[in-house]
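Here is a walk through one chain, from its ring pairs to its cores and its charged contacts. Keep the structure open while you read.

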Amino acid sequence: MIMKKMERTTIIKLFVPLGVLFFLFFFYANSSSAASLQDQIDEAGAGDTVTIEEGIHEEVLHIDKPIHLKGLGEQQSRLLNKEAGTIIFIESDDVVIEGIAFEHTEEDTEEEVGYRQVTDPFDPEPVISADAPSDLHIIDNTFDAIGSGIYVTNGTDIEVARNSLIGVEAEYFMEGNAVELYDTDDVELRDNRVRYMMDGFYLDTLSRADITGNDVSESRYATHLMFSDQVTGDNNTYTDNVNGMMIMDSTNSSFSDNVFQEHFDVRGFGAMIFRSENIELLNNRISQNSTGIQLQETRGTTIRGNAITGNHVGLSWNMRNPDFVFTNNDMISNIIQTQALSDALPLDADGEGNYWDDYFMEDLTGDGVGELTYESGTVYDLILEEQPEWQLFFESPAVSLWSQTEEWLPAIGRETAVDNYPKVEEQWAEEPEQQSAWVYITIGFIFLAIAAAIIYYYRRNEYA
């Protein structure tokens, strides 16, 4: 009996320490594997990479040292904030945010997200907020069901590239901006995709920025540029927004090889340039907008080599716009080619004009230029301003004949803009070939002859 008690006591004394050791081991292992992302960031050294494992992580992170925060890509590493608040605060230079799926909701319905956002519709919190960063790179991330995307102020050397930023399909005033930058220099916005935001890129007081290869649609403004200098933008596609590009109080900037298309809002412009100086629009396709290009109080604007096609109004201007250059553009299938809301502007420069598909004169000398000047602003255009329903007759045989007659017998006293060197062939080879104006004129004469024959027939029967 005594021996058995001693054996039990020995076993207990042996296994209790072992149990404690196993407990401590598993507790340590589990706590280590479950260390929060913030703990990993705090423990990382400058320049280290912190990898976010697969799964959903609901944390708010503060980065105050140079690190590379890297997800696994392909929606594997997800950072979630169900309260639609900021997920990452950055207060350091030399930070990289890469390969992370950010979400402002997990399974909420569109209506629930919209309701949450509209409770403070004019100031939704950004997913990433950075204060005075230098050398910040936000690349290859996805932002889904967000109220606002990326906010940077007082930064330098900022790269935002290959991100997808998707808001909620609701009224745009319920959303924030996909990328919002203030007082920031040396910026690269490249190959991002934006949907359902207030503005794709809201850029205020920037210097030396490059906007390249982005796709922005179903938002208010694709790019909203204010008080900025030395900005370039090329190979972007802006479709189905209120405005493609809004340029305000900015200088020395150039935009080329972009697509501004299907901005049909009543205030919809492919590109609107307001109170800005030395802005260039070069070789862009500007089509199917309420107004292709609108100018107001600009100086030194150059519009060259663009295809301005299928807009309700091709080019419109208001107030004074000195030092304006408009050459080598194709003006095709616009219901109103130009709309002068102030004094007429020149439509040629240095012996170079534009192609106008409603110009019917021939080139008799073989230099590619018509023998008579082109005058934009027909009586039909003036009627359209007062009675828009007349656009139903656009390019009808009767209106084509009317326009041709106006070239021979101009209306007296109307304000016109003149191209002294109108080209007889369009510049954009991929544009579909336009029907010859003489075809429409011939059809118009045929209809007039038929109408005259009918009138003659009924008059003869009446007096028979």
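Two rings of Phe, Tyr or Trp (its six-membered ring) count as an aromatic pair if their centres lie within 6.5 Å; planes under 30 degrees apart are stacked, over 60 edge-to-face, and the rest tilted. The structure holds eight such pairs. This is a predicted model: local features need pLDDT of at least 70, side-chain atom pairs count only at pLDDT 80 or more, and totals for chains, interfaces and linings use all residues. Residues are numbered from 1 along each chain as its sequence is written, and side-chain values use heavy atoms, with hydrogens and water left out.

Begin with Tyr182 and Tyr202. Their rings form a tilted pair, 5.9 Å centre to centre with 50° between the planes. Tyr182 lies in strand S15 (residues 179-190) and Tyr202 in strand S17, so the pair ties together parts 20 residues apart in sequence. Strands here are DSSP runs of E with at least two residues, helices are runs of H or I with at least four, and both are numbered from the N terminus. Tyr202 is buried, at 15% relative accessibility. Buried means under 20% relative accessible area, exposed over 50%, and partly exposed in between (1.4 Å probe, protein chains only).

Phe324 and Phe326 give a stacked pair. Their centres are 5.9 Å apart and their planes meet at 20°. Phe324 is buried at 6% relative accessibility. Phe326 is buried too, at 0%. Ring pairs link both residues with Trp356, Tyr359 and Tyr374 into a cluster.

Now step back to the whole chain. Its secondary structure comes to six helices and 37 strands. Of its 464 residues, 50% are buried. Contact means heavy atoms within 4.5 Å. Among contacts between residues at least 6 apart in sequence, 49% join residues at least 24 apart. The accessible surface is about 22700 Å², and carbon and sulfur atoms account for 54% of it. Such areas come from the Shrake-Rupley method with a 1.4 Å probe; for residues, only the protein chains shown count as cover.

Next, the interior. A nonpolar core is a set of buried Ala, Val, Leu, Ile, Met, Phe, Trp, Tyr and Cys residues joined through side-chain atoms within 4.5 Å. The largest has 71 residues, and Leu69, Ile88, Ile97 and Phe102 have the most contacts inside it. Strand S17 (residues 199-212) gives the most to this core, with five residues. Another core, of eight residues, lies apart from it; Tyr202, Met246, Phe269 and Met272 are among its members. What does Ile88 touch, leaving aside its neighbours within four places in sequence? Its contacts are Leu61, Ile63, Leu69, Leu79, Ile97, Phe102, Val127, Ile128 and Ser129.

The surface has a nonpolar patch as well. Ile446, Ile450 and Ile454 make it, with an area of about 270 Å². Patches use residues with over 30% relative accessible area and no salt bridge; like charges are joined within 9 Å, and nonpolar side chains (Val, Leu, Ile, Met, Phe, Trp, Tyr) within 5 Å. Ile446 sits in helix H6 (residues 437-463). Ile446 is partly exposed, at 46% relative accessible area.

Turn to the charged pairs. A salt bridge puts a side-chain nitrogen of Lys or Arg within 4 Å of a carboxyl oxygen of Asp or Glu. The whole structure has eleven. Arg190 pairs with Glu188, with the closest N and O atoms 2.5 Å apart. Both belong to a salt-bridge network with Glu159 and Asp191.

Lys423 and Glu352 form a salt bridge with closest N and O atoms 3.0 Å apart. Lys423 lies in the loop between strand S37 (417-419) and H6, and Glu352 in the loop between strand S34 (336-340) and strand S35 (355-356), so the bridge ties together parts 71 residues apart in sequence. Lys423 is buried, at 14% relative accessibility. Glu352 is partly exposed, at 32%.

Finish with the backbone. Most residues other than glycine have a negative phi. Asp183, in strand S15, has a positive phi of about 50°. Gln230, in strand S20 (residues 229-234), has a positive phi of about 60°.
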